[in-house]
Amino acid sequence: MRLNHLVVRDFRNVREADLHLTPGINVLWGANAQGKTNLLEAIHTLVTGRSFRARRERECIRRGGGEAVPEDRVAFVRGDVTRRDGIHTLQIALQGLRRRVEIDGAPISKLASLWGQLNAVLFTPDDLQIIKGPPVNRRQFLDMEISQVRPSYLAWLQRFQVALSERTALVRAIGGGERHRCEEIDAWDAALAEAAAEIHGHRRDVIRRLGEHATETHRAVSGGEETLTLLHRSFLAVQEPLTREECIELHRELLLEARGSDIERGQTS
């Protein structure tokens with residue numbers, strides 16, 4: 001999978017760029033504030049549909065002479081991607097609060113359809129927090145990379161978020177006196193447990209695979225004097241690999257154990 005051709009227009013400070021990329025390493029160089037990082041941001045937007053720096057895509061549209069973004073200005077990113085099944089074109093246009101994404105000229109309504117069309121790993125100075133920062137940074141990194149190569153994983157992440165939101169709203173309602181809804185919680189516990197088990201299994205498998213490469217690479221860098229090991233340590237606190245059914249059941253048991261305190265606190269622990 002390779003990005004062959006990149007066209008960028010009115011994205012950040014890039015008025016217009018047309019790049020033909022070669023296999024192997026491509027280097028962008030130039031003075032400060034010329035738009036090197038903005039081009040990387042444009043590629044990342046093509047990969048995920050979102051910027052890695054902006055909270056709102058509107059911030060990516062090139063400004064006019066002042067601070068305001070002209071309402072009729074469209075930020076545009078297009079890339080030709082070579083994959084095993086041929087060449088495909090990805091395109092994203094941003095105007096105001098609107099975003100239009102196309103794959104091979106056909107618009108898509110869900111960003112999930114874009115993931116996996118062009119795989120990429122972004123590394124910036126902030127990514128040192130993957131090692132130094134809290135566990136949430138490592139989970140987000142894994143989620144980003146796994147979702148690109150395993151579409152089913154992204155679907156399970158979305159199911160997990162829906163089930164988590166619904167269960168949390170439900171425990172708050174029950175804690176607020178709506179006891180007649182207690183029977184609903186079993187269904188959301190089941191949905192949340194299944195999604196959590198799937199996510200757990202994918203993360204464990206990917207870390208095992210990454211660990212094999214990381215150990216080999218680090219051994220070469222250290223001249224064979226050190227050994228690096230990657231471990232997946234979850235709150236399940238189990239050493240042996242679990243079957244899918246065992247993992248689901250363990251999550252359901254934990255949710256059941258926490259149900260009383262979750263209702264009291266109004267959140268899913």
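This is a short exchange about the two largest pockets of a predicted model.

Reader: What makes the space of about 1,900 Å³ a pocket and not a cavity?

Author: A cavity is a set of points where the probe fits but cannot get out, whereas a pocket is an open set. The space of about 1,900 Å³ is listed as the largest pocket, so it counts as open.

Reader: How do you know that Arg138 belongs to the lining of the largest pocket?

Author: A lining residue has an atom within 4 Å of a point of the pocket. Arg138 is among the 50 residues that line the largest pocket, so Arg138 has such an atom. Along with Arg139, Leu142, Arg203 and His232, Arg138 is one of the closest to the centre.

Reader: Which helix supplies the largest share of that lining?

Author: α5 does, with 12 residues. This helix spans 184-221. Among the other elements that supply at least two residues are α3 (135-149) and α6 (244-265).

Reader: Why is Leu142 counted as nonpolar and Arg203 as charged?

Author: Leu is on the nonpolar list and Arg on the charged list, so the two residues are classed that way. The whole lining of the largest pocket has 29 nonpolar, 11 polar and 10 charged residues.

Reader: What lines the second largest pocket?

Author: This pocket, with a volume of about 1,500 Å³, is lined by 45 residues. His44, Phe52, Val121, Leu122 and Met144 lie nearest its centre. The elements giving two or more residues include β1 (2-11) and α1 (36-48), while the largest share, 8 residues, comes from α3.

How values were computed. Residues numbered from 1 in each chain as written. Predicted model: local features only at pLDDT ≥ 70, side-chain atom pairs only at ≥ 80, totals over all residues. Heavy atoms only, no water. 1 Å grid on protein atoms, 1.4 Å probe; cavity = no way out; pocket = protein on both sides within 12 Å on 5 of 7 lines; lining within 4 Å. Points joined across faces, edges and corners; volume = space filled by probe spheres on them. Helix = DSSP H or I, 4+ residues; strand = E, 2+ residues; numbered from the N terminus.
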